[in-house]
Amino acid sequence: MIALLATLAVAASTLPATNVTNTTATLNGKDDTNSTATFRYGTTTAYGLTATAPVVNGEAHADVSGLSPNTTYHYKIDDGNDVTFRTAPNPTPPAITDQHATGVTTSS
């Protein structure tokens, strides 16, 4: 009976982030108590930023953007647990090598 009550008390849980790029991510969670979920996210457990998403079939997914590359973010859904993810680093630009003309003539 105690285990059943403990299970019922947890109405929201944070799931791993998906579609993580250098500046965007999808925050995921389960919520059995609300029709709209609020995600709190930021670079510390103080969060500081929020995103809302509709709850459909007990799950919510919020796309966030404007994230800093190569940075660890904390997030949680409503009263769910804290989860972290790391954004990807900025892509490395292609290298440019030293190029020299060869076979130069007066007409080509």
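**View A. Lys 30 is partly exposed, with 38% of relative accessible area, and takes part in a salt bridge with Glu 59.** On the scale used here, buried means under 20% relative accessible area, exposed means over 50%, and partly exposed lies in between (1.4 Å probe, protein chains only). The model is predicted: local features need pLDDT of at least 70, side-chain atom pairs count only at pLDDT 80 or more, and totals for chains, interfaces and linings use all residues. Residues are numbered from 1 along each chain as its sequence is written, and side-chain values use heavy atoms, with hydrogens and water left out. The partner, Glu 59, is also classed as partly exposed, at 27% relative accessibility. The N to O distance between the two side chains is 3.8 Å; a salt bridge is defined as a side-chain nitrogen of Lys or Arg within 4 Å of a carboxyl oxygen of Asp or Glu. Because Glu 59 belongs to strand S5 (residues 59-65) and Lys 30 to strand S2 (residues 24-31), the pair ties together parts that are 29 residues apart in sequence. Helices (H or I, at least four residues) and strands (E, at least two) are DSSP runs numbered from the N terminus. One salt bridge is found when the whole structure is searched.

**View B. Gly 58 occupies the loop between strand S4 (49-54) and S5.** At 16% relative accessibility, this glycine counts as buried. With neighbours within four places in sequence set aside, Gly 58 is in contact (heavy atoms within 4.5 Å) with Gly 29, Lys 30, Asp 31 and Asp 32. Lys 30, the salt-bridge partner of Glu 59, is thus one of the residues that Gly 58 contacts. Ala 12 stands 46 residues away from Gly 58 in sequence, and the C-alpha atoms of the two are 9.1 Å apart in space.

**View C. Lys 76 is placed in strand S6.** Its relative accessibility of 23% makes Lys 76 partly exposed. Residues up to four places away in sequence being left out, Lys 76 touches Thr 14, Thr 38, Phe 39, Arg 40, Tyr 47, Asn 81 and Asp 82. Val 20 lies 56 residues from Lys 76 along the chain, with 16 Å between the C-alpha atoms.

**View D. Asn 19 and Asp 78 are residues other than glycine, and each has a positive phi.** Most residues other than glycine have a negative phi. Asn 19 has a phi near 55° and sits in the loop between strand S1 (12-18) and S2. With a relative accessible area of 58%, Asn 19 is exposed. Phi of Asp 78 is about 30°; this residue belongs to the loop between strand S6 (72-77) and strand S7 (83-86). Asp 78 is buried, with a relative accessible area of 17%.

**View E. Pro 94 and Ser 108 are both found in the segment after S7.** Pro 94 is exposed, its relative accessible area being 72%. From its C-alpha atom to that of Val 56, which is 38 residues away along the chain, the separation is 42 Å. Ser 108 likewise counts as exposed, at 65% relative accessibility. Its C-alpha atom is separated by 65 Å from that of Thr 14, a residue 94 positions away along the chain. Thr 14 is also among the residues that Lys 76 touches.

**View F. The close-ups belong to a protein with one helix and seven strands.** From the N terminus on, the order of elements is α-β-β-β-β-β-β-β. The C-alpha trace spans about 90 × 25 × 25 Å along its principal axes. The radius of gyration is 23 Å, whereas a compact globule of 108 residues would have one near 13 Å; the value is taken over C-alpha atoms, and the globule rule is 2.2 Å times the number of residues to the power 0.38. Of the 108 residues, 31% count as buried. Among contacts with a separation of 6 or more, 51% are between residues 24 or more positions apart. The accessible surface comes to about 7200 Å², and carbon and sulfur atoms contribute 55% of it. The protein carries 4 positive and 8 negative side chains, the centres of the two sets lying 6 Å apart.

Technical notes:
Areas by Shrake-Rupley, 256 points an atom, 1.4 Å probe, with all protein chains shown as cover. Lys, Arg positive; Asp, Glu negative; His and termini not counted. Charge placed at Lys NZ, Arg CZ, Asp CG, Glu CD.
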